[in-house]
Amino acid sequence: MHERYNPAEIEPRWQKRWADERAFSVGDATGKDDFYLLEMLPYPSGRIHMGHVRNYSLGDVFVRHLRMRGKNVLHPMGWDAFGMPAENAAIERKRHPRDWTYENIAQMREQIKKLGFSYDWDREIATCDASYYKHEQAMFLRMLEAGVAYRKAALANFCDHCQTVLANEQVEEGKCWRCGNNVRQREMQQWFLRTTKYAQELLDGHKELEGKWPEQVLTMQRNWIGRSTGAEIRFALKNPVDGVNELSVFTTRPDTLFGVTFLSIAAEHPLATRLAAGTPREKEVQDFADRIRAERRVRHDVGEANKEGVFTGATCLHPITGAEVPIYVANFVLMDYGTGAVMAVPAHDQRDFEFAQKYKLPIRVVIQPEGAQPLDPATMTAAYVEGGFMVNSGSLDGTLNEIGKEKVVALLAEKNAGRGTISYRLRDWLVSRQRYWGAPIPVIHCETDGVVPVPQKDLPVVLPEDVEITGEGGSPLARHESFVNVSCPKCGKPARRETDTFDTFVESSWYFDRYTTPRHEAGPVDGERARNWLPIDLYIGGIEHAVMHLLYARFWQRVMIDLGYFPKDTPREPFAALLTQGMVCKEFYHRQDALNPAHTLYFYPEETELREGTRVVIATGEPVEIGGVVKMSKSKRNIVDPDEIVSKYGADSARLFVLFAAPPEAQVDWSEAGIEGASRFLQRVWRMIRDRREMLLTTSPYTSGELSENAKTMRRTLHKIIDRVTRDLGERRQPNTGVAAMMELLNALTAFEAKTAAEKSVLREGVDALVRLLAPFAPHIADELHEHLGGKGTLLHASWPAFDADAVHEDSVEIPVQVNGKVRGRVRLANDANEATALAAAQADANVAAHLQGKTVKKTIYIAGKILTLVAV
């Protein structure tokens with residue numbers, strides 16, 4: 001046994017043994033003691049960062065613990081490999097996205113293996129591989145057949161200079177990230193999935209997840225789905241536009257219908273510019289709509305502070321009174337709520353009130369508060385949004401407004417002008433992207449037969465590799481003649497292949513299912529075998545995925561079950577429990593670059609005397625300052641490289657640090673001192689065992705027999721800590737406190753003087769337990785120490801230390817004694833001691849007696865085994 005623990009020599013050796021023995025491979029679910037644990041799959045950006053290390057360390061510590069507890073654990077890894085960064089790299093570095101992506105995968109896989117994570121690499125997938133996305137294409141065609149997928153016109157970000165569609169991430173302050181020119185929104189035919197069909201079920205599913213998912217995530221999803229109960233009301237256009245005869249609005253306040261004085265529609269509404277087309281107002285409306293759309297791409301709070309709008313020149317008719325109502329385009333109306341059009345009731349909605357005052361529009365009170373001074377529009381300083389009785393509402397005058405809601409809906413139904421309905425903020429998922437590096441959408445466009453699905457026998461539609469990616473002129477697929485020009489599968493005539501590709505959220509919406517049967521060729525999953533692994537028992541990832549990824553995955557799982565890919569009794573919720581880990585951050589300072597004022601130079605505290613401080617998320621690429629993206633110098637010194645940490649301190653130290661530094665949900669502040677502390681702890685464990693190894697090898701662990709008080713105390717400490725760490729890695733999922741407990745155990749074992757044979761056996765029991773407790777956290781050193789203590793093979797398949805409840809039982813207990821609210825002493829009592837015994841023991845304590853001198857005990861509060869409180873005057 002070496003003098004010091006040398007991770008550079010020991011860790012690669014154990015990693016090779018684990019790989020040679022295929023220690024992490026798992027077969028099918030057994031139907032008993034199965035557990036599926038998964039961390040969100042990474043994007044292969046080139047290098048892993050400490051955020052990855054924390055995420056995967058959390059998963060691995062739980063997996064190794066579960067395996068030692070006898071669980072059959074599925075723990076796979078793969079790559080979310082499509083996406084814009086690869087395409088951007090192709091433009092900037094003149095590299096093909098496929099080459100760049102697979103080189104990054106190889107590099108990141110090697111980095112991950114160096115950290116000793118227990119992944120079943122036999123199940124590895126890359127979503128950019130045709131063997132993966134061919135099943136995605138087949139599922140899409142089934143969705144198209146079932147009406148879940150469909151095509152319609154929708155707005156997209158478009159750069160006229162580059163002649164290309166841009167994702168939201170590529171639009172910076174309303175300008176193209178490549179050329180800096182203004183971006184406009186252009187109507188294009190796009191592909192959608194009908195997520196709205198599942199809106200209520202997705203909401204209802206939250207009941208099953210309560211207490212198992214963070215409440216914050218559930219709240220974010222509820223808000224995103226946005227269920228509202230109200231009415232859909234149809235206002236007839238005075239002058240129909242392009243065959244459109246009416247404008248539908250959604251409102252939660254049909255009781256205020258008689259107070260409508262104008263209608264407001266979103267800048268993105270299909271009629272926003274068409275209402276003014278061919279009129280003197282056309283340019284003003286178009287310019288306003290374009291400006292608001294551009295502002296909305298930059299910030300989401302447009303219209304919150306400053307209400308703006310423009311009159312379209314068009315009017316509609318009130319569905320009850322027939323009065324003419326003007327139509328405005330307003331910046332505070334959102335297309336993703338209701339119908340994108342709202343009936344404006346300034347007297348009873350604050351936004352409408354502010355807008356009406358600004359543009360001098362009528363305000364009509366239709367709800368009066370009960371028992372209060374009647375509201376007067378001329379003197380109102382804010383909208384009245386509470387309940388009351390209806391006024392100025394025809395035959396409904398005097399009706400309580402809550403009852404009035406139902407009566408107004410009934411009146412609308414009689415006139416065929418509206419109905420009661422439930423509205424959702426959730427919109428159907430736009431899944432088409434006008435870029436190259438994505439899975440091709442498998443349809444063909446024929447002038448005779450329209451949209452024709454690619455026949456199943458012709459799947460996959462493979463992404464061609466001989467393309468030139470310039471970032472201009474639209475998707476390079478559209479210029480690839482041999483890809484685009486095909487024969488129609490129905491009529492055989494010349495046709496064109498779809499050149500849009502899938503949104504990358506599509507790949508990540510079902511990858512976890514593919515892991516269960518990754519080599520199944522007949523479909524995306526072998527439903528019966530996959531069913532036995534589902535749902536995922538614990539899913540780990542960042543809270544930034546709370547809505548998009550997690551919501552889409554929940555939707556996709558339901559669709560797969562409904563389309564018959566799984567048995568009907570398959571759980572519809574794919575993730576039974578969710579853990580959202582906090583970020584890893586490092587403090588740094590910044591100053592303006594004197595040579596280039598447009599850039600900011602960043603320094604770590606140890607590298608500068610500057611006092612201006614902020615925080616940066618450790619991530620691939622440029623750091624992100626709290627509050628927004630900042631321009632950086634070319635230096636990447638903002639990134640803490642895991643390879644450097646592993647080289648200097650070892651993988652076990654890196655793992656231990658990120659697990660110990662904070663609770664899983666909290667932010668970790670990176671510090672060199674912290675990683676050094678983790679390394680010192682492991683060296684102390686090594687030295688403690690090294691110094692006693694000869695004695696330990698000739699001693700068996702304690703099983704039974706008489707023990708000294710010293711040995712009893714040691715066993716009591718040991719088994720309390722076994723219980724704590726077991727709970728910390730089990731139901732509590734707080735590995736940070738588990739590390740703290742092991743540090744306590746190390747201190748106790750180091751201080752324990754084992755003189756008798758029985759005491760030596762207790763020491764051996766404690767050392768064996770410490771090594772096994774350490775195994776999920778720092779597996780390399782644990783396996784090495786296990787062998788030095790005479791063990792065979794990896795601890796991954798060894799048993800977890802058993803908790804002995806008898807060992808922690810005490811015949812007596814020490815409790816604090818309070819005198820007038822302050823602890824003045826501690827006394828040891830038998831577990832069954834009564835109040836009189838406790839009081840006598842307290843009065844016999846010198847310090848307690850001193851604080852009672854000259855006083856009379858007026859009140860005694862005794863909680864057996866916990867505390868004795870005395871009130872003395």
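# A guided tour of the predicted model

Begin by selecting helix H25, residues 835-844, which lies across E34, E35, E36 and strand E37 (867-872) and runs at about 125° to E35. The model in the viewer is a predicted one.

**The sheet beneath the first selection**

Keep H25 displayed and add the four strands that it lies across. These strands form an open sheet with mixed pairing, and their order is E35-E34-E37-E36. At the edges of this sheet are strand E35 (822-830) and strand E36 (857-863), each of which pairs on one side only. On average, neighbouring strands here are turned by 20° against each other, with direction ignored.

Next, restrict the view to strand E34, residues 812-819, together with E35. The two strands pair in the antiparallel sense over eight bridges. Within this pair, select Glu 814, which stands opposite Arg 828 in E35.

**A pair of helices**

Move to helix H22, residues 757-774, and helix H23, residues 779-788. Their axes come within 8 Å and cross at roughly 150°. An angle over 145 degrees counts as roughly antiparallel, and H22 and H23 are therefore roughly antiparallel to each other. The crossing of these two helices is left-handed.

To inspect the contact, show the side chains on both helices. On the H22 side, select Val 771, Arg 772 and Leu 774; they meet Ile 781, Ala 782, Leu 785 and His 786 in H23. Sorted by class, the contact of H22 with H23 has five nonpolar residues, one polar and one charged.

**A second sheet, with parallel pairing**

Now select strands E2, E1, E26 and E27. In the order E2-E1-E26-E27, these four strands form an open sheet, and the pairing is parallel. Strand E2 (72-74) and strand E27 (578-580) are the edge strands, each pairing on one side only. From one strand to the next, the twist averages 20°.

Within this sheet, isolate strand E26, residues 538-541, and its partner E27. Three bridges link the two strands in the parallel sense. Select Ile 540 here: Leu 579 in E27 stands opposite.

**Strand E24 and its partners**

Turn to strand E24, residues 494-497, and display it with strand E21, residues 443-446. E21 and E24 pair in the antiparallel sense over two bridges. Ile 444 has Arg 497 in E24 as its bridge partner.

Add strand E23, residues 485-487, which runs antiparallel to E24 and is joined to E24 by three bridges. In this pairing, Ser 487 stands opposite Pro 494 in E24. E23 and E24 form a hairpin with six residues between the strands, and in this hairpin Gly 492 takes a positive phi near 80°.

**A last stop at Gly 527**

Finally, select Gly 527, which has its place in helix H15 (residues 527-531). Is this glycine buried or exposed? Burial requires a relative accessible area under 20%; at 11% relative accessibility, Gly 527 therefore counts as buried.

Which residues does Gly 527 touch, not counting those up to four places away in sequence? The residues to display are Tyr 565, Phe 566 and Pro 567. For a view across the model, draw a distance from the C-alpha atom of Gly 527 to that of Thr 339. These two atoms are separated by 39 Å, and the residues lie 188 residues apart along the chain.

How values were computed. Residues are numbered from 1 along each chain as its sequence is written. This is a predicted model: local features need pLDDT of at least 70, side-chain atom pairs count only at pLDDT 80 or more; totals for chains, interfaces and linings use all residues. Side-chain values use heavy atoms; hydrogens and water are left out. Two strands pair if DSSP finds at least two bridges between them. Axes are lines fitted to C-alpha atoms, for helices over the stretch in contact, and angles run from 0 to 180 degrees between N-to-C directions. Contact means heavy atoms within 4.5 Å. Angles under 35 degrees count as roughly parallel, over 145 as roughly antiparallel, 65 to 115 as roughly perpendicular and the rest as oblique. A crossing is left-handed if the near helix is turned anticlockwise from the far one by less than a right angle, and right-handed if clockwise. Ala, Val, Leu, Ile, Met, Phe, Trp, Tyr, Cys and Pro count as nonpolar, Asp, Glu, Lys and Arg as charged, and the others, Gly among them, as polar. Buried means under 20% relative accessible area, exposed over 50%, partly exposed in between (1.4 Å probe, protein chains only).
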